[in-house]
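Dear colleague,

Please find below the sequence and structure that I am handing over to you. My findings follow directly after them.

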Amino acid sequence: MRNRSWILAAVATAGVVVGAALYVDASETGHADIDVAATVSPSPPAEDWCVGTRTSPPDGDAPDDSPLNRTLARIDKLAAGRYADVYTGMGVDEDAGAADVWRIPSDDFDTAACDAAEKGVKLRLHPADVDRRTLDALAERISEDMTRWDGTFQMREVGVDERGFVHVGVDDPKKAEPLIEKEFGPRYIKVEYVDQAYAAED
């Protein structure tokens, strides 16, 4: 199965990462499309859900060619296209054959997402109040100069969480949170402690 976890890009120094949340589906588009910040984790209760009824084509030879992954790819395309203004993010619960989708509530998007789901794939829909483009832009602003705070605190990672906020990992949240919120505003930002990451030894 294709690994749909965040793609993390190194910034400034080893151990400082930014969630890019992009993947390339060259076989279909030949360019980078918006991907979900997909994490394999238990799902919180959803506002609504549906079970797919779309007929599945015969599985191909690729190990990741499954009803769930084909459904995820279709929702990625919806998120990158006409529904970019309501889509927030998506997580994957492979054990349950389900996807958790966060979005600004939209009947049109919900219908399109459920129509994209293949037979047996469950979609669990969660409310959000921000779109993914806004979160990506905020994460980019925060990560533009990761070392600017050195001497006060150390910013170690920045990434978009599919639930609707930007995760900022630092060494000292008590010092960092008021400064980050003063600079970028308090909305859609979650400051947390993270350990220093080290490059793997050969």
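I begin with the salt bridge between D65 and R70, whose side chains meet at 2.6 Å, N to O. Please note that the model is a predicted one. D65 is partly exposed, with a relative accessible area of 23%, whereas R70 counts as buried at 13%. The cut-off for buried is under 20% relative accessible area, and R70 falls on the buried side because its value is 13%.

This pair also belongs to a wider arrangement: D65, R70, R74 and E118 are joined into one network by salt bridges that share partners. One member of the network, R74, lies in helix α1. Its relative accessibility is 19%, so R74 counts as buried. In space, the C-alpha atoms of R74 and D115 are 9.7 Å apart, although 41 residues separate the two in sequence.

The total for the model is 11 salt bridges. As general background, side chains of opposite charge can pair when their charged atoms come close. Two further pairs deserve a description.

In the pair formed by D100 and R124, the closest N and O atoms are 3.0 Å apart. D100 belongs to strand β7 and R124 to strand β8, so that the salt bridge links distant parts of the chain, 24 residues apart. Both partners are buried: D100 has a relative accessible area of 3%, and R124 has a relative accessibility of 14%.

The side chains of R187 and D129 form the other pair, at 3.8 Å from N to O. R187 is in the loop between α4 and β11, and D129 is in the loop between β8 and α3; the pair therefore ties together parts that are 58 residues apart in sequence. In this case R187 and D129 are both exposed.

I turn next to the nonpolar interior. How many residues does the largest nonpolar core have? It has 22 residues, and those with the most contacts inside it are I75, M90, F109 and L123. Two or more residues of this core come from each of the following elements: α1 (67-80), β6 (87-93), β7 (98-103), α2 (107-116) and β8 (122-127). There is also a second, separate core of 20 residues, which includes L138, M146, V168 and Y188.

Y188 calls for some attention in its own right. This residue is found in the loop between α4 (173-184) and β11 (189-193). Y188 is buried, its relative accessible area being 17%. Its phi is near 65 degrees, a positive value in a residue other than glycine.

I189 is located in strand β11. I189 is buried as well, with a relative accessible area of 11%. The C-alpha atoms of I189 and V166 are 4.8 Å apart in space, while the two residues are 23 apart in sequence.

Helix α3 contributes to two further findings. R133 lies in this helix and is partly exposed, with a relative accessible area of 48%. From C-alpha to C-alpha, R133 and A84 are 7.4 Å apart, with their positions 49 residues apart in sequence. E140 also lies in helix α3, which covers residues 132-143. Together with E144, D145 and D150, E140 forms a negative surface patch.

Finally, T152 is placed in the loop between α3 and β9 (155-161). At 41% relative accessibility, T152 counts as partly exposed. T152 and D172 are 20 residues apart in sequence, and their C-alpha atoms are 8.8 Å apart in space.

When you view the model, I would suggest keeping three topics in mind. For the charged pairs, the D100 and R124 salt bridge has two buried partners, whereas R187 and D129 are exposed. For the interior, there is a core of 22 residues and a second, separate core of 20 residues. For the surface, the negative patch includes E140 and D150.

With kind regards

Notes: Residues numbered from 1 in each chain as written. Predicted model: local features only at pLDDT ≥ 70, side-chain atom pairs only at ≥ 80, totals over all residues. Heavy atoms only, no water. Patch = residues over 30% accessible without salt bridge, like charges linked within 9 Å, V, L, I, M, F, W, Y side chains within 5 Å. Areas by Shrake-Rupley, 256 points an atom, 1.4 Å probe, with all protein chains shown as cover. Salt bridge = Lys/Arg side-chain N within 4 Å of Asp/Glu carboxyl O. Lys, Arg positive; Asp, Glu negative; His and termini not counted. Charge placed at Lys NZ, Arg CZ, Asp CG, Glu CD. Helix = DSSP H or I, 4+ residues; strand = E, 2+ residues; numbered from the N terminus. Core = buried A, V, L, I, M, F, W, Y, C linked by side-chain atoms within 4.5 Å. Buried < 20%, exposed > 50% of the residue type's maximum accessible area, 1.4 Å probe, protein only.
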